[in-house]
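Hi everyone, thanks for making time. I'd like to walk you through a structure you probably haven't looked at before, so have a look at it first and then we'll go through it together.

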Amino acid sequence: QLQLVESGGGLVQPGGSLRLSCTASGLLLEYVIGWFRQAPGKEREGVSCIGTSGGSTNSADSVKGRFTISRDNAKNTVYLQMNNLKPEDTATYYCTAVLRYKTTAQAMCAGKVDYDYWGQGTQVTVSS
């Protein structure tokens with residue numbers, strides 16, 4: 001079993017920044033990791049996903065140029081740096097993990113896999 005814990009959410013003004021962290025209870029090296037978000041009344045959306053070595057990433061068009069995903073396998077942690085935040089980024093953000101042999105970062109963000117583990121989520125609210 002792998003437990004994922006998200007942190008770093010909060011209230012920020014438009015144009016501001018936040019860095020989310022997803023920390024795993026076990027070896028993260030074996031997993032492709034994704035950040036997803038869900039706003040009230042909307043479907044869950046793949047935001048950014050990253051391969052096991054960090055060399056392969058995939059992001060939604062709506063966040064390209066503003067969000068950056070990275071990982072530190074030594075710390076069993078994946079980060080989502082969010083800059084120039086907009087009100088439409090308001091959502092609960094979740095991280096999820098899939099074993100490396102089952103998917104790629106691109107497929108993961110496209111929702112074409114069965115997700116092995118989910119975190120409990122962290123709320124991001126962008127408002128003035």
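Let's start with a definition: a disulfide is a pair of cysteine sulfur atoms within 2.5 Å. And what you have in front of you is a predicted model, so please keep that in mind.

Okay, how many disulfides does a search of the whole structure find? The search comes back with 2. One of them joins C22 to C95, with an S to S distance of 2.1 Å, which is within that 2.5 Å cut-off. The torsion about this S-S bond is about 65°, so the disulfide of C22 and C95 is right-handed. Now look at where the two ends sit. C22 is in strand β3, residues 18–24, while C95 is in strand β9, residues 91–99, so the link ties together parts that are 73 residues apart in sequence. And C22 and C95 are both buried.

On to C49 and C109, which are also joined by a disulfide, S to S 2.1 Å. Here the angle about the S-S bond is 100°, and the link of C49 and C109 is right-handed. This pair connects distant parts of the chain as well: C49 belongs to strand β5, residues 45–50, and C109 to helix α1, with their positions 60 residues apart in sequence. Buried or exposed, these two? C49 and C109 are both buried. If you number the bonded cysteines in sequence order, the pairing reads 1-3, 2-4.

Next up, the aromatics. There are 5 aromatic pairs in the structure. Take F36 and Y115: their ring centres are 5.3 Å apart and the planes are at 75°, so this one is edge-to-face, given that planes over 60 degrees apart count that way. F36 is in strand β4, residues 31–38, and Y115 is in the loop between α1 and β10, so to speak a long way along the chain, 79 residues apart. Both F36 and Y115 are buried.

F36 also pairs with W118, again edge-to-face, at 5.5 Å centre to centre with 70° between the planes. W118 is in strand β10, 82 residues from F36 in sequence. How do these two rank on burial? F36 has a relative accessible area of 3%, so it is buried, whereas W118, at 30%, is partly exposed. Put the ring pairs together and you get a cluster of F36, Y94, Y115 and W118.

While we're in that loop between α1 (105–109) and β10 (117–118), have a look at D114, which is there too. D114 has 64% relative accessibility, so we call it exposed. Which residues does D114 touch, leaving aside its neighbours within four places in sequence? Those contacts are V98 and K102. V12, on the other hand, is 32 Å from D114, C-alpha to C-alpha, and 102 residues away in sequence.

Last stop, a couple of backbone angles. N76 has a phi near 55°, a positive value in a residue other than glycine. You'll find N76 in the loop between β7 (67–72) and β8 (77–82), and at 16% relative accessibility it counts as buried. N84 also has a positive phi, near 50°, and isn't a glycine either. N84 is in the loop between β8 and β9, and with a relative accessible area of 43% it is partly exposed.

That's my tour, thanks for listening.

Key. Residues are numbered from 1 along each chain as its sequence is written. This is a predicted model: local features need pLDDT of at least 70, side-chain atom pairs count only at pLDDT 80 or more; totals for chains, interfaces and linings use all residues. Side-chain values use heavy atoms; hydrogens and water are left out. Helices (H or I, at least four residues) and strands (E, at least two) are DSSP runs, numbered from the N terminus. Buried means under 20% relative accessible area, exposed over 50%, partly exposed in between (1.4 Å probe, protein chains only). Contact means heavy atoms within 4.5 Å. Rings of Phe, Tyr and Trp (its six-membered ring) pair if their centres lie within 6.5 Å; planes under 30 degrees apart count as stacked, over 60 as edge-to-face and the rest as tilted.
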